[in-house]
Structure formats: structure tokens, C-alpha cells
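Open the structure in your viewer and have the selection tool ready. This tour goes from one ring to the next.

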Amino acid sequence: MFTTKANAIFQDVINQYHIINTVDQPFKNKYDESDLLEHLLYRKCWIDTVQWHYEDIIRDPKIDPVEALTLKRKIDASNQDRTDMVEYIDSYFLNKYKDVTPKEDATINTESPAWGVDRLSILALKIYHMNEEATRTDASDAHREACQKKLDILLEQRVDLSTAIDTLLSDIEKGDKYMKVYKQMKMYNDDELNPVLRSQK
């Protein structure tokens, strides 16, 4: 199953990040582009993992405003990278299933496969950090118990989401579903579409 591979890669990425555990560490993809899908999944989860920690840092109430603005720019760039990676992963699936003829009654899903993968990657991060809280020795028993209950729900959610993604890919392969990719329509980074940026020209 596709998600068995994806979930294993995501766990590997998150573990690798936490060896050094800093947003400034260098990135090295374990997979070269000859293993394209694995390469994309590894890069996707690394982006998500770094951004997760950016979001932690920027919520520090004592953060220097200048540092916060710099970090906000990094988060914006990370969001762009994240969206780009979703499109690359969807392009992979589009190419993989390009010779499949959808059935006459084929339907489209509410989200593309890669946006499901995006959610799965974020879910892997939630599971990792909720597990940390559920096993934190300096926390109260009540805290650990509450976090364990949340962790149980997140683990169930991963099973359900994984099943849904694998089912979608199977349906696309059989022609029961078809996929379309709508390229980014973001306006806030475009100096022709964002009125603030346009006024600076």
C-alpha cells in the first residue's frame, strides 16, 4: 500500500530532524531523484517538520519583533515550498495514471491525492509530538493521561486517512475516480495581484 511507505518515510524524517532538533540544520534527502516518489515524500515531510517548529518559535510571547518578522517571512516561504511539493506529488500521480481511461460514471474527489498526503504528513507530526507529551516524565499523570487519549484518536485518524488515500488511488487506477490538479491561484505573493505589493512597484 502506498501509505505504508509514506508513513514509514514520514516517521524516518521526523526522527532524523529530532536528532539535532533545530530549524537551522542542513537538509539532506535520503532518496535521490531516481526514487522520485520517495524523494518527494521525504522532502515534503522535512518542509512540514521545519515549519512545525517555526510555528512553535513564533508563538513565544517574548520573541523579538524583528526576529518575529524574519521568521514570518520564513514561514511564508515554507508555505510556498509546501504547496509546490503537493503539486509535484500530484504530478507524479497524474503521470502514473495518465493511461487510465476514466469510466463514464467516474467521479472526482474533494481533494487530490497529494493534498491527502499533505494531511498525512502533518498527522505524523501531531502523533510524534503528542506521544512526547503522553510520555513526558516531568508532566502530571493527568496531563499524560489526557494526551494519551488524544494520541489514541490521532492514531485512529491515521488509519482512517491512510485507508482513504489508498482507496482513492485504487479507484483512480481502476477508472472509478479521476483526478485534476488546479495549479496555485495564490494572490498574496504576486506583485500584480496583491494590492500592497503592486503599490510598491
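## Aromatic rings

Start by selecting W46: with a relative accessible area of 6%, W46 is buried. Keep in mind that the model is predicted.

Next, add F27 to the selection. F27 is partly exposed, and its relative accessible area is 30%. F27 and W46 make an aromatic pair of the tilted kind, with 5.3 Å from centre to centre and 50° between the planes. The tilted label applies because the angle is neither under 30 degrees nor over 60.

Where along the chain do F27 and W46 lie? F27 is in the loop between α1 (2-20) and α2 (36-58), while W46 is in helix α2. The two residues are 19 residues apart, and their pair links distant parts of the chain.

Stay on F27 and select R43. R43 lies over the face of the F27 ring, at 4.8 Å from the ring centre.

Now widen the selection to Y17, F27, Y31, Y42 and W46. These residues form one aromatic cluster.

Then move to Y92 and F93. Which kind of aromatic pair do Y92 and F93 form? The pair is edge-to-face, with 5.4 Å centre to centre and 80° between the planes. Colour the two residues by accessibility. Y92 is partly exposed at 24% relative accessibility, whereas F93 is buried at 1%.

To finish, show every aromatic side chain. The structure holds 7 aromatic pairs, among them F27 with W46 and Y92 with F93.

Terms used. Residues numbered from 1 in each chain as written. Predicted model: local features only at pLDDT ≥ 70, side-chain atom pairs only at ≥ 80, totals over all residues. Heavy atoms only, no water. Phe/Tyr/Trp six-rings, centres within 6.5 Å; stacked < 30°, edge-to-face > 60°. Helix = DSSP H or I, 4+ residues; strand = E, 2+ residues; numbered from the N terminus. Buried < 20%, exposed > 50% of the residue type's maximum accessible area, 1.4 Å probe, protein only. Lys NZ or Arg CZ within 6 Å of the ring centre and 35° of its normal.
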